[in-house]
Every structure is written in structure tokens, then in C-alpha cells.
Amino acid sequence: MPKPCLTADELTTALETLGGWTAEEGGEAIKRTFKFGSFVDAFAFMTAAALTAEKMDHHPEWFNVYNRVEVRLTTHDSGGVTALDIDLAKAMDKAAG
């Protein structure tokens, strides 16, 4: 069963607790660009985030070039941002240090 999407107010409140995350226009996803000192640091972050995402059974859309990782989180079967996205964003912030 799909998770309920956050309301606009819930999304705004959640984003206030996250560092550097923004909502896409329309509120269908949240996104953030992480920058690291090297490719190895970026890859280590992606590895840690991947292990967490797998445990959550909730996987990010992301793109990596050298020391930069662009992340987009949405819950596809719900059609927008859910609590799962916020939880994964918090875990990614923690993994980034």
C-alpha cells in the first residue's frame, strides 16, 4: 500500500529540519547536491547511503561526477514526497558528515 504524501505544510516543516534540501516545483520530490573533497569521499558517501536505502527498501535517484553527488528523493508509488523520503534525507545528511 502506498505511503501518504506529505502536505505542503508538512513538507515545508520537514525541509526546515534538513540542511540544504529543497523541494522541486510542485513538491513531487526533494533534492540536494552534496560536494566532497574527492571522488573516493563521494563514493564512500554513496556506499553508506546505498546500504541505508536498501535496508529501508527506498532507493534514491542520484547522479555522481567526481566529488559531487546530486540526489533526488521521491516515493514513486505514492506520487510525491513521503516520510520515507525525509527519513532517507536525514540518513544521507548523517552519512555526509
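Trainee: In this predicted model, which residue of strand 2 is the bridge partner of T22?
Mentor: Start with the strands. Strand 1, residues 22-23, pairs with strand 2 in the antiparallel sense, over 2 bridges. In strand 2, the bridge partner of T22 is K31.

Trainee: Which residue in the turn of the hairpin has a positive phi?
Mentor: The hairpin is formed by strand 1 and strand 2, with 6 residues between them. One residue in that turn has a positive phi of about 90 degrees. That residue is G26.

Trainee: What is the bridge partner of K31 in strand 4?
Mentor: Strand 2 pairs with strand 4 as well, in the antiparallel sense over 6 bridges. K31 has a bridge partner there. In strand 4, the partner of K31 is R72.

Trainee: Which strands are the edge strands?
Mentor: Look at the order of the open sheet. Its 4 strands run 1-2-4-3, with antiparallel pairing. An edge strand here pairs on one side only. The edge strands are strand 1 and strand 3.

Trainee: Which residue of strand 4 stands opposite N64?
Mentor: Strand 3 and strand 4 run antiparallel, and 5 bridges join them. N64 has its opposite residue in strand 4. That residue is V69.

Trainee: Which backbone nitrogen does the side chain of S38 reach at 3.1 Å?
Mentor: Place S38 first. It lies in the loop between strand 2 and helix 2. A polar atom of its side chain is 3.4 Å from the backbone nitrogen of V40. At 3.1 Å, the side chain of S38 reaches the backbone nitrogen of D41.

Trainee: Which residues does S38 contact, leaving aside its neighbours within four places in sequence?
Mentor: S38 sits in the loop that leads from strand 2 to helix 2. Set aside the neighbours within four places in sequence. The contacts of S38 are then Y66 and N67.

Trainee: Are the rings of F34 and F45 stacked, tilted or edge-to-face?
Mentor: F34 is in strand 2 and F45 is in helix 2, 11 residues apart, so this pair links distant parts of the chain. Both residues are buried. The ring centres are 4.7 Å apart and the planes are at 40 degrees, so the pair is tilted.

Trainee: Which residues do ring pairs link into a cluster?
Mentor: The model has 5 aromatic pairs in its count. F34 and F45 form one pair, with centres 4.7 Å apart. Ring pairs link these residues into a cluster with others. The cluster is W21, F34, F36 and F45.

Trainee: Is F43 buried, partly exposed or exposed?
Mentor: F43 pairs with F39, with ring centres 5.8 Å apart. Being 4 residues apart in helix 2, the two are separated by about one helical turn. F39 has 37% relative accessibility, so it counts as partly exposed. The relative accessible area of F43 is 46%, so F43 is partly exposed.

Trainee: How many degrees of arc do the buried residues of helix 3 cover?
Mentor: Helix 3 spans residues 83-96. Its buried residues are D85, I86, L88, A89, M92 and D93. They lie on the same side of helix 3, because their arc around the axis is only 165 degrees.

Trainee: Which residue just after helix 3 takes a positive phi?
Mentor: Helix 3 has 14 residues and reaches 20 Å from its first C-alpha to its last. Just after this helix, one residue takes a positive phi of about 90 degrees. That residue is G97.

Methods: Residues are numbered from 1 along each chain as its sequence is written. This is a predicted model: local features need pLDDT of at least 70, side-chain atom pairs count only at pLDDT 80 or more; totals for chains, interfaces and linings use all residues. Side-chain values use heavy atoms; hydrogens and water are left out. The expected span of a helix is 1.5 Å times one less than its number of residues. Buried means under 20% relative accessible area, exposed over 50%, partly exposed in between (1.4 Å probe, protein chains only). The arc is that of the directions from the helix axis to the C-beta atoms. Rings of Phe, Tyr and Trp (its six-membered ring) pair if their centres lie within 6.5 Å; planes under 30 degrees apart count as stacked, over 60 as edge-to-face and the rest as tilted. A polar contact is a pair of N or O atoms within 3.5 Å; within protein, one must be able to donate a hydrogen and the other to accept it, and residues adjacent in sequence count only if both atoms are side-chain atoms. Contact means heavy atoms within 4.5 Å. Two strands pair if DSSP finds at least two bridges between them.
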